[in-house]
Each structure stands twice: as C-alpha cells, then as structure tokens.
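Me: I should like to go through the assignments made for this protein and hear the reasoning behind each of them. Please set each value against its criterion before concluding.

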Amino acid sequence: MKNVGESEKLLKKSLNTFFLLFLFLGALLGGMILVFYHLQTNTYEKHLRIEEQHSIDLQRAVIDNHFMSVTSDLMYLAQQEDLKAFLLNPSERRIDSIKHDYLTLSMTKRIYDQVRFLDETGQELVRVNFNAGNPTIVAKQSLQNKQQRYYFRDAYNLEQGEVFISPLDLNVEHGEVEIPFKPMIRFGTPIYDPFGNKEGIVLLNYLAESLLQLIQNVG
C-alpha cells in the first residue's frame, strides 16, 4: 500500500510539473506569437503609411505641375502687349486683338472653360467660352458684370504678380449653377497699366474634371 501511495504522489507531482511546464511553454509561445503579430502589424502599418505618403506626393506633384502651367498662361495674359496697348489707348481694334488671342489660347490648350478680361468694376470686356470644344467669343451684349462674385474681389485685391486660386467650385451663370455640373478652379491676377494703375483682372476658369480623374488614378 505504501508503494501505491508513493506512486500516486509521484504521479501527481509529475502531472503538476508537466502542467506548470505546459502553462509556461504556452505562455511563452503565446508571448512570441503576440510579439510576432505586433511586429507584423507595425510592418504592415509602416508599409501602408509609406504607400499613402507616396500617393500623396504623386498627387501633389500632379497638382503642382498643372497649377504651374495654368499660372504661366495667366501671367502671360497679364503681360500681353495687346492688353497693355489697350489699357493705354482703348479701341475696338485692340479689344478685337485681345479676343482673338484668348480664342487661340482656348483652342490650343482646351483646358479653360472661360478666358476673361474684366475691368476694375467687374465688367467683362473680353470673354471666350470653351463651349464643349468649340471655343467662341462672347458677343458684347452678352457680357456680364461679376463685381459681386468672390473671385473678382479676391483677385482684384491682390498686388501685381500675385495669383488668386479659388477652391474647387461649380460654374454659375446669371445667378444659377450651370448644369451639367462643371467642376472648376479659377485663377486670377490683377492687371496694371504702364503707370502702375490697377485696371482690372484676367481670369481663367480651369476645367478640373481631368485633373480630378488624374489624381484619382494616381491615388
């Protein structure tokens, strides 16, 4: 009987030792799995952050390149010789020359819904509409006053050489949002005569749909 009791005690002790060893190994294995999981998660999150930053950098580069091109066109218009001549000595001949320059820009670039010259009161003096790929010069009687529009005020209040860039917006004609919707960004800069007098603004309505699509593809 004594041997049986001792055997039972030895068995219980062995089982307890095995159970403790099992718990220890289980905890160790669980800890290793947890550490590995955290390492994998951190690596994955770091990889996602790198990919997201790369996508953001590409999108920023796309926007910067487009904006630089539009700004270059805008500053060209602001320094246009025909415009300077008109500001010194307004005439129908000179305004017609400006109109045809704007028409050529619209036909060539095909990214501007409107190309405009507005005087210091916000009145459009020259306007070319892209017209869905068939650019046209807007007749004098159809020109509008945009004095109350935010983009005129914001652009006109700038100093020479500064550029106004609007938020992404929809086109408004005669107080109504144009349908179908045309997302656009307006670029404007004030114009000065050779004596330093502010005479109005030049304004480009940049068609933003292609840019949005490109950004989406890059992203």
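The exchange below takes up the overall make-up, the cores, the pairing of strands, the pocket and several single residues.

Me: What kind of model is this, and how many helices and strands are there in the protein?

Reply: The model is a predicted one. The protein has 5 helices and 9 strands, and their order along the sequence is α-α-α-β-β-β-α-β-β-β-β-β-β-α. Of its 219 residues, 31% count as buried. Among contacts between residues at least 6 apart in sequence, 56% join residues at least 24 apart.

Me: What makes a set of residues a nonpolar core, and which residues have the most contacts inside the largest one?

Reply: The members must be buried residues of the nonpolar kinds listed for a core, joined through side-chain atoms within 4.5 Å. The largest such set has 25 residues, and Y102, F117, V202 and L204 have the most contacts inside it. At least two residues come from each of α1 (2-78), α2 (81-88), α3 (92-109), β1 (112-119), β2 (124-129), β8 (183-192) and β9 (198-207). The element that gives the most is α3, with 5 residues. Another core lies apart from this one; it has 8 residues, including Y151, F152, A155 and F164.

Me: Which residues are in contact with V202, leaving aside its neighbours within four places in sequence?

Reply: The contacts of V202 are with L74, L77, A78, L83, Y102, R116, F187, G188, T189 and I191. Of the strand that holds V202, β9, 8 of the 10 residues are buried, and β9 is accordingly described as mostly covered.

Me: How do you know that β9 pairs with β1 and with β8?

Reply: Two strands pair if there are at least two bridges between them. Between β1 and β9 there are 7 bridges, in the antiparallel sense, and 9 bridges join β8 to β9, also antiparallel. Both counts satisfy the requirement of at least two, so both are pairings. As examples, F117 has V202 as its bridge partner in β9, while I185 has Y206. β8 and β9 form a hairpin with 5 residues between them, and G196 in the turn has a positive phi of about 90°.

Me: Which residues line the largest pocket, and how do they divide into nonpolar, polar and charged?

Reply: The lining consists of F86, S91, E92, I95, K99, E124, L125, K140 and L143. These divide into 4 nonpolar, 1 polar and 4 charged. At least two lining residues come from each of α3 and β2, and α3 gives the most, with 3. The volume of this pocket is about 170 Å³.

Me: Why is the phi of N131 or A132 worth remarking on?

Reply: Most residues other than glycine have a negative phi. N131 is not a glycine, yet its phi is positive, at about 55°; A132, also not a glycine, has a positive phi of about 55°. N131 is placed in the loop between β2 and β3 (136-137), and A132 is in the loop between β2 and β3.

Me: Why is N131 called partly exposed, and why is A132 called exposed?

Reply: The exposed class begins over 50% relative accessible area, and buried means under 20%. N131 is at 41%, which falls in between, so N131 counts as partly exposed. A132 is at 81%, which is over 50%, and therefore A132 is exposed.

Me: Why is Y150 called partly exposed, and which residues is Y150 in contact with?

Reply: Its relative accessibility is 22%; since buried means under 20%, Y150 counts as partly exposed. Y150 lies in helix α4 (residues 150-156). Leaving aside neighbours within four places in sequence, Y150 is in contact with F164, S166, P167, D169 and R186. S166 is 16 residues from Y150 along the chain, and their C-alpha atoms are separated by 9.1 Å.

Me: Where is Q147 found, and what separates the C-alpha atoms of Q147 and G122?

Reply: Q147 is found in the loop between β3 and α4. Although Q147 and G122 are 25 residues apart along the chain, 4.1 Å separates their C-alpha atoms. Leaving aside neighbours within four places in sequence, Q147 is in contact with T121, G122, F152 and R153. Its relative accessibility of 38% lies between 20% and 50%, so Q147 counts as partly exposed.

Key
Residues numbered from 1 in each chain as written. Predicted model: local features only at pLDDT ≥ 70, side-chain atom pairs only at ≥ 80, totals over all residues. Heavy atoms only, no water. Buried < 20%, exposed > 50% of the residue type's maximum accessible area, 1.4 Å probe, protein only. Helix = DSSP H or I, 4+ residues; strand = E, 2+ residues; numbered from the N terminus. Contact = heavy atoms within 4.5 Å. 1 Å grid on protein atoms, 1.4 Å probe; cavity = no way out; pocket = protein on both sides within 12 Å on 5 of 7 lines; lining within 4 Å. Points joined across faces, edges and corners; volume = space filled by probe spheres on them. Nonpolar A, V, L, I, M, F, W, Y, C, P; charged D, E, K, R; others polar.
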